[in-house]
Amino acid sequence: MVIRIAAVGDVHLDEDVVGRFRPALEELPDCADVLLLAGDLTRHGTEAEARCVAEEFGGLAVPVVTVLGNHDHQCDQVPQVVKVLEDAGITVLEGNGVVLDCAGGRLGIAGVKGFGGGFAGRCASDFGEPEMKAFVRTTNESAESLGAALRSLDCDMLVALTHYSPVPDTLVGEPLEIYPFLGSYQLGQAIDSAPTALALHGHAHAGTERGTTPGGVRVRNVAHPVIKQAYSVFHVGDQLDTDQVSPIGQSGIQRSWS
């Protein structure tokens with residue numbers, strides 16, 4: 001039983017980018033069962049930019065599931081952005097999940113944007129000023145909702161989808177000073193609280209592709225500036241060895257970008 005997952009994040013679409021991804025997206029049915037988008041779909045989170053995303057990623061021959069990113073919140077038009085995406089058939093997750101029937105089994109996807117906060121030994125704490133407490137409370141609530149969603153899904157294979165990173169491994173290449181604004185260890189704890197097969201995120205444009213949670217779950221940074229292609233494809237399944245939960249192919253449609 002193998003499920004094929006295509007993924008990309010941080011596409012930052014606007015009118016000048018529409019059409020750039022579509023040729024590779026049209027070939028998705030040949031190599032993937034589902035497409036996951038790891039947030040920052042737009043540049044500034046406007047309804048107009050969301051329509052560009054809907055044009056580019058809507059109406060595909062495979063299901064499309066997304067979370068939003070920090071850029072998608074910039075103009076405070078989140079309800080409008082979500083409606084445009086959902087009207088185009090794109091499933092938007094935030095602290096919830098969805099189960100898809102794929103040829104290789106039932107795929108459960110739990111998603112949340114996530115938030116910053118940092119990682120073990122170098123993280124913000126729920127102490128001091130109300131502003132700091134509110135910051136950490138947002139981090140904790142986001143991670144708790146992801147964990148609850150992961151644990152609630154009845155499926156054969158389980159995937160976590162976030163924008164912010166759950167581990168520092170995939171941030172290598174970014175300045176150390178901004179790690180606390182790129183992810184949080186609480187997301188990693190949430191992912192480890194369920195039998196998660198794979199965790200996908202974006203946000204860290206100068207980061208590294210591969211990482212692992214403390215519990216051993218494979219984490220992949222699929223930000224477009226990192227993978228440098230229209231999408232990467234991952235195979236997950238109960239008959240695969242550990243090395244096969246990784247991008248496949250070094251050329252061809254699943255690794256294409258033009």
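These are my notebook entries on a sheet, two nonpolar cores and one helix in a predicted model.

**Entry 1: the sheet**

I began with the strand order. Six strands make up an open sheet, running β5-β6-β9-β10-β12-β11, and the pairing is mixed. I then looked for the edges: β5 (96-102) and β11 (210-212) each have a single partner strand, so one side of each is left without a neighbour in the sheet. From one strand to the next, the twist averages 25 degrees.

Next I checked how β5 meets its partner. β5 pairs with β6 (residues 105-112) in the antiparallel sense, over seven bridges. One residue pair I noted is L100 with its bridge partner L107, the latter in β6. I also looked for a helix on this sheet and found α4 (residues 130-152), which packs on it and touches β5, β6 and β9 (157-162). The direction of α4 makes about 170 degrees with that of β6.

**Entry 2: the cores**

Which residues of the largest nonpolar core touch the most other members? I found L28, L35, F57 and Y231, out of 33 residues in that core. The elements giving two or more residues to this core are β1 (2-8), α1 (22-25), β2 (34-38), α2 (47-57), α3 (78-87) and β4 (90-92). Of these, α2 gives the most, with five residues.

I picked L35 for a contact list. Leaving out residues up to four places away in sequence, L35 touches A6, A7, L25, L28, F57, L60, V62, P63, V64, V65 and Y231. So L28, F57 and Y231 turn up again here, which fits a background point: nonpolar side chains in soluble globular proteins tend to be buried together.

There is also a second, separate core of 23 residues, and L107, I109, L200 and V236 are among its members. I had already met L107 as the bridge partner of L100.

**Entry 3: helix α2**

I went back to α2 to see which of its residues are buried. They are E49, A50, C52, V53, A54, E56 and F57. What do these buried residues pack against? My list reads α1, β2, β3 (64-67), α3 and β4. After α2 comes G59, and I noted its positive phi, near 70 degrees.

**Entry 4: the annotation**

Last, I looked up the record. UniProt, in an unreviewed entry, lists residues 3-79 as "domain: Calcineurin-like phosphoesterase". In the model, the end C-alpha atoms of this span lie 31 Å apart. Residues 3-79 are 22% helix and 19% strand.

How values were computed. Residues numbered from 1 in each chain as written. Predicted model: local features only at pLDDT ≥ 70, side-chain atom pairs only at ≥ 80, totals over all residues. Heavy atoms only, no water. Pairing = 2+ DSSP bridges. Helix = DSSP H or I, 4+ residues; strand = E, 2+ residues; numbered from the N terminus. Axes fitted to C-alpha atoms, helices over the stretch in contact; angles between N-to-C directions. Contact = heavy atoms within 4.5 Å. Core = buried A, V, L, I, M, F, W, Y, C linked by side-chain atoms within 4.5 Å. Buried < 20%, exposed > 50% of the residue type's maximum accessible area, 1.4 Å probe, protein only. UniProt positions renumbered as here; feature names shortened; annotations may be inferred.
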